[in-house]
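I opened this one to look up its cysteines first. A few side chains outside that set came after. My entries follow the display.

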Amino acid sequence: MTLQTNSFKISRYILLALVLVLCIGIITWTLINHHNATKANDSTVENVIRITNNNPCVQQVNNTISQLWAYDFNNVPQKYKDMINAYLNETIPSRINGMCNNTKFVCRAGQIRGDCDPCAAGSAKQFAMEKHISDTIAEQCK
């Protein structure tokens, strides 16, 4: 009995190879995104640990900078104001479906974050303030 190779069998093998490549690509993409999200989450956890420390120096820095941001924003160093502007003016790389104060929003790829995310300003300010506190603690509370 001879094996006959026809176009149907060849197309089946090509389709199988394409599906295999697609699956490997999806798995790789998922692992890379999970790794990046974990790295970002680790730095956030580190900032929270620094900010909630019971050390008197840490508490003093936390209180001083929080008051500076709340009552005297003009004296906040330009570095942290630039962080806020960079976040607000960031171009969204991929579609984001989010929720802000119980309101759903969608940011499409290519949009400016400040234009489509209603919580972007608050998030940017919070992140910059936490970074300011963290940097100051690293400088002053050794």
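The notes below go through the disulfides, then a surface patch, then a few single residues.

**Entry 1. Ground rule.** I am working from a predicted model. I read each value below as computed from that model.

**Entry 2. Disulfide count.** How many disulfides does the structure hold? I found three. A disulfide is a covalent bond between the sulfur atoms of two cysteines. I then counted the bonded cysteines along the chain and noted the pattern 1-6, 2-5, 3-4.

**Entry 3. Cys-57 and Cys-141.** I looked up this pair and found the sulfur atoms 1.9 Å apart, in a disulfide. Which parts does the pair tie together? Cys-57 sits in helix α2, residues 56-71. Cys-141 is in the segment after α5, which spans 120-140. The two parts are therefore joined across 84 residues of sequence. I read the S-S torsion as about -85 degrees, so this disulfide is left-handed. Next I checked cover at both ends. Cys-57 is partly exposed because its relative accessible area is 26%, and partly exposed runs from 20% to 50%. Cys-141 has 17%, which is under the 20% cut-off, so Cys-141 counts as buried.

**Entry 4. Cys-100 and Cys-119.** This disulfide has its sulfur atoms 1.6 Å apart. Is it left-handed or right-handed? The torsion about the S-S bond is about 75 degrees, so I noted it as right-handed. The pair links distant parts of the chain, 19 residues apart. Cys-100 is in strand β1, residues 96-100. Cys-119 is in the loop between α4 (113-116) and α5. I looked up cover here too. Cys-100 is buried, at 4% relative accessible area. Cys-119 is partly exposed, at 22%.

**Entry 5. Cys-107 and Cys-116.** I found these two joined by a disulfide, S to S 2.0 Å. The torsion is about 110 degrees, so this disulfide is right-handed. Are these two cysteines buried or exposed? Both Cys-107 and Cys-116 are buried.

**Entry 6. Val-106.** I moved along the chain to Val-106, in strand β2, residues 103-107. Val-106 is partly exposed, with 29% relative accessible area. I also took a C-alpha distance from Val-106 to Cys-116. The two are ten residues apart along the chain, and their C-alpha atoms are separated by 6.8 Å.

**Entry 7. Cys-23.** I checked the cover of Cys-23 as well. Cys-23 is partly exposed, at 39% relative accessible area.

**Entry 8. Nonpolar patch.** Which residues form a nonpolar patch on the surface? I listed Ile-10, Ile-14 and Leu-18. Together they have about 290 Å² of accessible area. I followed up on Leu-18, which lies in helix α1, residues 7-51. Leu-18 has 54% relative accessibility, and the cut-off for exposed is over 50%, so Leu-18 counts as exposed.

**Entry 9. Glu-130.** I looked up this acid in helix α5. Glu-130 is buried, yet has no salt bridge. Where is the nearest side chain of opposite charge? That side chain belongs to Lys-131, 11 Å away. A salt bridge needs a nitrogen within 4 Å of a carboxyl oxygen, so Lys-131 does not qualify. I did find a polar contact for Glu-130: its side chain meets the side chain of Gln-126 at 2.8 Å.

Notes: Residues numbered from 1 in each chain as written. Predicted model: local features only at pLDDT ≥ 70, side-chain atom pairs only at ≥ 80, totals over all residues. Heavy atoms only, no water. Patch = residues over 30% accessible without salt bridge, like charges linked within 9 Å, V, L, I, M, F, W, Y side chains within 5 Å. Areas by Shrake-Rupley, 256 points an atom, 1.4 Å probe, with all protein chains shown as cover. Helix = DSSP H or I, 4+ residues; strand = E, 2+ residues; numbered from the N terminus. Buried < 20%, exposed > 50% of the residue type's maximum accessible area, 1.4 Å probe, protein only. Disulfide = S-S within 2.5 Å. Lys, Arg positive; Asp, Glu negative; His and termini not counted. Polar contact = N/O pair within 3.5 Å; in protein donor to acceptor, adjacent residues only side chain to side chain.
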